[in-house]
Amino acid sequence: MLNFCSNNYLGLCDHPEIIEASKKALDDFGFGLSSVRFICGTQSIHKQLEQALATFHGFEDCALYTSCFDANGGLFEVIGGPQDIILSDALNHASIIDGMRLAKALPKAVYRHMDMEHLEELLVANQDKRQRLIITDGTFSMDGDIAPLAAICDLAEKYNALVIVDDSHSTGVIGATGRGTAEHCGVQGRVDIQTHTLGKAMGGASGGYIVASARVVELLRNKSRPLLFSNTVAPAICGASLKVLELVEKHPELVARVQANGRLFREKMAAAGFELLGADHAIVPVLLRDAILATKMGKLMHSKGIYVTPFSFPVVPRGQARIRVQLSAAHTDDEIERCVDAFIWAREQAQAE
């Protein structure tokens, strides 16, 4: 069975060097630390990973979380208050939405998906606020489209706002060296706060983190509830993640390969007449619109040894059923061809029933 629906973008989940690094961390630090960070859950390997991640993204400091969901859940109540406002893209991830809900004192407004005119209207209308915080996914995982970060940063500078990006589906995937949406859009140094995951391209296990200025990270370490009251990230994850960063830096061809695979799949599927969403990303949603058709095609493709998952309401809006394909650097050209052929065959079979 070939997997075409995994977040394993760089194909590193079972890399032998990462497995070995994880084993070494187990030997050196044990399985777990039975503590939150601020009591006795911080070991040298945690500080080493935080520094490596901050350096990788070009920020002053980094705070490790057990997941990016937790990172987003613990961010907004720390950095904003009743005198501020947060402006959120309509299609932002559930973790961002939950994080904003938890920040009960922080006023919120939602701008239409990637609509810069609407965002500017909201920025103009809220110039009386102490802070204007713009939050967006870097890559919107269900549609495969990439936030227009250059335009967002331009507006932020024009109207004195901070820019926050959740780059979970971008880290290791886009940008010339896999440093994510800011690199892809040419705005490195203009984004104020980034949240990321270690559970997708960067090894695929678990863990999340926030990179920002030293002042913001210090606030998080003292006030962010998921960071204060959740057990520390397991040492084995830290050791493996350090090796992931080393491999990404040493092997830029991994990033180039996943990007090339995304383009190849798009080209072949478009030539076969499929309607595709998004662009320039390894996430390629194949829009089928009909939920029954999507379900039938998913099952038929399984029978051909292609593992994909159909999505329909309520995961996506009614009439927007799809099969979301995710390419990996581990996929070969022949495997991509097999996937495309399976889509064509499954469409023919499902429509004939």
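Helix H6, residues 116-125, lies across three strands: S3 (85-89), S4 and S5 (132-137). Its direction makes an angle of about 155 degrees with S4. I should say at once that the model before us is predicted.

Those strands belong to an open sheet of 7 strands with mixed pairing, in the order S2-S10-S9-S8-S5-S3-S4. S2 and S4, the latter spanning 108-111, are the edge strands, each pairing on one side only. From one strand to the next, the twist averages 20 degrees.

A second helix, H9, residues 214-223, lies across S2, S9 and S10, and runs at about 30 degrees to S2. Within the sheet, S9 (residues 193-197) and S10 (residues 208-212) pair in the antiparallel sense over 4 bridges. Thr197 stands opposite Gly208 in S10.

Gly208 leads us to Cys68, which lies in helix H3, residues 68-73. The two residues are 140 apart in sequence, yet their C-alpha atoms are 4.1 Å apart in space. Beyond its neighbours within four places in sequence, Cys68 is in contact with several residues, among them Thr195, His196, Thr197 and Gly208. Is Cys68 buried or exposed? Its relative accessible area is 7%, so Cys68 counts as buried, the cut-off being under 20%.

Finally, I turn to enclosed space. The count comes to 1 cavity of 30 Å³ or more, and the largest cavity holds about 40 Å³. Strand S2 (61-65) and helix H10 (225-229) each give two or more residues to its lining. Arg37, Leu64, Tyr65 and Pro226 are among the lining residues, which divide into 5 nonpolar, 4 polar and 1 charged.

How values were computed:
Residues numbered from 1 in each chain as written. Predicted model: local features only at pLDDT ≥ 70, side-chain atom pairs only at ≥ 80, totals over all residues. Heavy atoms only, no water. Buried < 20%, exposed > 50% of the residue type's maximum accessible area, 1.4 Å probe, protein only. Contact = heavy atoms within 4.5 Å. 1 Å grid on protein atoms, 1.4 Å probe; cavity = no way out; pocket = protein on both sides within 12 Å on 5 of 7 lines; lining within 4 Å. Points joined across faces, edges and corners; volume = space filled by probe spheres on them. Nonpolar A, V, L, I, M, F, W, Y, C, P; charged D, E, K, R; others polar. Pairing = 2+ DSSP bridges. Axes fitted to C-alpha atoms, helices over the stretch in contact; angles between N-to-C directions.
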